[in-house]
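This report is written for a reader who is meeting this structure for the first time. It begins with a pair of packed elements and then widens to the whole chain and to a few single residues.

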Amino acid sequence: MYAVREIKNSYNISHRDAKFIVSHLNKQYDTCHRCEKPLNGHEYTICVACNSLNFNWNV
Ligand SMILES: [Zn+2]
């Protein structure tokens, strides 16, 4: 997975953590990765619609 390696390199964290982050990372900025509802613009946020954790990074 390209994103996992990219995050590992950029943030110097373990593969497990990188995988965890990627699994919660939104594909589109400010949009929930799970239900695709708009988020509140915070970097780490819980979706109000589905309670899913989102790493709201503009990557
Ligand atoms: Zn959601």
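The axes of helix 1 (residues 2–11) and helix 2 (residues 15–24) come within 9 Å of each other and cross at roughly 120°. Axes here are lines fitted to C-alpha atoms, for helices over the stretch in contact, and angles run from 0 to 180 degrees between N-to-C directions. Helices (H or I, at least four residues) and strands (E, at least two) are DSSP runs, numbered from the N terminus. This is a predicted model, in which local features need pLDDT of at least 70 and side-chain atom pairs count only at pLDDT 80 or more, while totals for chains, interfaces and linings use all residues. Residues are numbered from 1 along each chain as its sequence is written.

Helix 1 and helix 2 are therefore oblique to each other, since angles under 35 degrees count as roughly parallel, over 145 as roughly antiparallel, 65 to 115 as roughly perpendicular and the rest as oblique. On the helix 1 side, Ala3, Val4, Ile7 and Lys8 meet His15, Ala18, Lys19, Ile21 and Val22 of helix 2, where contact means that the C-beta atoms of two residues, placed from the backbone, lie within 7 Å. The residues of this contact divide into six nonpolar, one polar and two charged; Ala, Val, Leu, Ile, Met, Phe, Trp, Tyr, Cys and Pro count as nonpolar, Asp, Glu, Lys and Arg as charged, and the others, Gly among them, as polar.

Turning to the chain as a whole, there are two helices and two strands, and from the N terminus on they run in the order α-α-β-β. The C-alpha trace spans about 30 × 20 × 15 Å along its principal axes. For 59 residues a compact globule would have a radius of gyration near 10 Å, and the 11 Å of the chain agrees with that; the radius is taken over C-alpha atoms, and the globule rule is 2.2 Å times the number of residues to the power 0.38. Of the contacts with a separation of 6 or more, 17% join residues 24 or more positions apart.

Buried residues make up 14% of the 59 residues, a residue being buried if 20 or more other C-beta atoms, placed from the backbone, lie within 10 Å of its own, exposed if 12 or fewer, and partly exposed in between. Helix 1 is hardly covered, with one buried residue among its 10. Arg5 lies in helix 1 and counts as exposed, with 12 C-beta neighbours inside 10 Å; its C-alpha atom is separated by 17 Å from that of Phe55, 50 residues away along the chain.

Asn40 sits in the loop between helix 2 and strand 1 (44–46), where it is exposed, with 11 other C-beta atoms within 10 Å. Asn40 and Asp30 are 10 residues apart in sequence and 6.9 Å apart in space, C-alpha to C-alpha.

Most residues other than glycine have a negative phi. The table lists residues of this chain with a positive value.

| Residue | Phi | Place |
|---|---|---|
| Asn12 | near 55° | follows helix 1 |
| Glu36 | near 65° | loop between helix 2 and strand 1 |
| Asn51 | about 65° | loop between strand 1 and strand 2 (53–55) |

Glu36 counts as partly exposed, with 13 C-beta neighbours inside 10 Å, whereas Asn51, with 10 such neighbours, counts as exposed.
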